[in-house]
Amino acid sequence: MGNSQSPPAANHRFTSASRAFTPKELEDLKSLFTSLAAQSQSNGQYISSSVFQGTYEKGTKDEIEEFIYQLLDVTNDENLTRSDLDSVLVSMFDHIFHLKGSELESSSHCYMVNTFLNAATFSKDHEGYNDKSMSFEDFKSWCTLVPSVKKFLASLLVPPDPGRSGSQVPKFQHLDNIDSTVLLLRDEYAWHIGGAISQEELEEWKLLYHSALNGLSFNTFLGNVSNHDEPTVLIIKDREGYIFGGYASQPWERHSNFYGDMKSFLFQLYPKASIFRPTGANNNLQWCAVNFGSETIPNGIGFGGRINHFGLFLSAGFDQGHTFSCTTFNSPCVSKTSQIYPEVIECWGVVRKGMEKEKPDVAKGSVLERFKEERHMLNMVGIANASG
């Protein structure tokens, strides 16, 4: 970073860059450099990476995001364009997924870059350009939708570590005889979803259900996931070609009302990549209703919204469902239209290290009989209240 002395006038790059600051701001920067260089035990010559990291991590959320925003301006013209982000994303995917540049992999590049850029907004006008660029507010909104990008870029500002946050892609566990081409989940999708969950949940995901292998069957789905107590990732591809789903932090169990916690979220994978986390507006997070005979309790699974107007819902027939904008996740309709017709449904179970073990096979009877009965189920028929 040089020293605290003013550089010679011949340093045109410094002269050009300094025009972006007022004299007062330049003096403040020099003072900051002097202070950090002194902490670095470098005789005032440079700032060490450890001191820089500590200073960076103390920044507010906005300060950190603005720092990353400035880094992304690869053309250094103070305009963050779609072309800038395209270059950044290609480099990121090269690093994370170790792509080699074959025709197939180049196609994968283009496919994934576009899905991430489709979630971005470019609202800033700038002189001399026909295309708009991304404002800082646009960038902050994009970071919310694609937290994996922010997580990775932030990790570049800390010392290299093979297991550092931002680059993890879970290992997929499934039967050897499954053709991977039938799977909806791909490394890039898992990395995108992983931006919103903890590092310990990114070690391994196990395929619990796939409609091409198990049939479009609600009962089979419930039977396959009933012994998995860890979070699950539900992915759907509909007739319109849209791919979307939800991260369920709680097991899929029979309830007569919404349940779950604030770790659940909705996501889009194609044609745009976006994640929608809970807003706190309500607690209508997960839905799993089985074998009810009332229209006020629709049988099926879902996320967010309200009854018969979910953020995402699959009916018990697994042949149709719906998606509406909802305040639970501040999410839009995640498909092309509100009515959805699933073509493929997948469910992956998160495997936390040391947590996977066989549960004792003590439950008997049908799939439906094996589901836990909650106290609020008794409230429906007045048994719990009568016993009080």
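Helices and strands here are DSSP runs, with at least four residues for a helix and at least two for a strand, numbered from the N terminus. The model is predicted.

**Exercise 1. State how many helices and strands the chain has, and describe its burial and contacts overall.**

Solution.
- Step 1: the chain has 13 helices and 12 strands.
- Step 2: of its 388 residues, 44% are buried.
- Step 3: take the contacts between residues at least 6 apart in sequence; 61% of these join residues at least 24 apart.

**Exercise 2. Place valine 149 in its helix, decide whether valine 149 is buried or exposed, and list its contacts beyond its sequence neighbours.**

Solution.
- Step 1: valine 149 lies in helix H8, which covers residues 147-155.
- Step 2: the cut-off for buried is under 20% relative accessible area. Valine 149 has 4% relative accessibility and therefore counts as buried.
- Step 3: with neighbours within four places in sequence set aside, valine 149 contacts Leu89, Met92, Phe116, Trp142 and Trp191.
- Step 4: glycine 195 is 46 residues away from valine 149 in sequence, while the C-alpha to C-alpha distance between them is 7.6 Å.

**Exercise 3. Classify the crossing of helices H4 and H7, then give the residues that make the contact and their classes.**

Solution.
- Step 1: the axes of H4 (residues 61-71) and H7 (residues 136-145) come within 10 Å and cross at roughly 105°.
- Step 2: angles of 65 to 115 degrees count as roughly perpendicular. H4 and H7 are therefore roughly perpendicular to each other.
- Step 3: H4 contributes Asp62, Glu65, Glu66, Ile68 and Tyr69 to the contact, and H7 contributes Phe136, Phe139, Lys140 and Cys143.
- Step 4: sorted by class, the contact has 5 nonpolar and 4 charged residues, and no polar ones.

**Exercise 4. Find the cavities of 30 Å³ or more in the whole structure, and describe the lining of the largest cavity.**

Solution.
- Step 1: a probe the size of a water molecule, rolled over the atoms, shows where empty space is left.
- Step 2: the search of the whole structure gives 1 cavity of 30 Å³ or more.
- Step 3: the volume of the largest cavity is about 50 Å³.
- Step 4: its lining consists of Ser148, Lys151, Gly166, Gln168, Trp191, Gly194, Gly195 and Leu202.
- Step 5: H8 and helix H9 (187-194) each supply at least two of the lining residues.
- Step 6: by class, the lining has 2 nonpolar, 5 polar and 1 charged residues. Gly counts as polar in this division.
- Step 7: compare with Exercise 2. Trp191, a contact of valine 149, is also one of the residues lining the largest cavity.

Notes
Residues are numbered from 1 along each chain as its sequence is written. This is a predicted model: local features need pLDDT of at least 70, side-chain atom pairs count only at pLDDT 80 or more; totals for chains, interfaces and linings use all residues. Side-chain values use heavy atoms; hydrogens and water are left out. Buried means under 20% relative accessible area, exposed over 50%, partly exposed in between (1.4 Å probe, protein chains only). Contact means heavy atoms within 4.5 Å. Axes are lines fitted to C-alpha atoms, for helices over the stretch in contact, and angles run from 0 to 180 degrees between N-to-C directions. Angles under 35 degrees count as roughly parallel, over 145 as roughly antiparallel, 65 to 115 as roughly perpendicular and the rest as oblique. On a 1 Å grid over the protein atoms alone, a cavity is a set of points where a 1.4 Å probe fits but cannot get out, and a pocket is an open set with protein on both sides within 12 Å along at least five of seven lines; lining residues have an atom within 4 Å of a point. Grid points are joined across faces, edges and corners, and a volume is the space filled by probe spheres set on the points.
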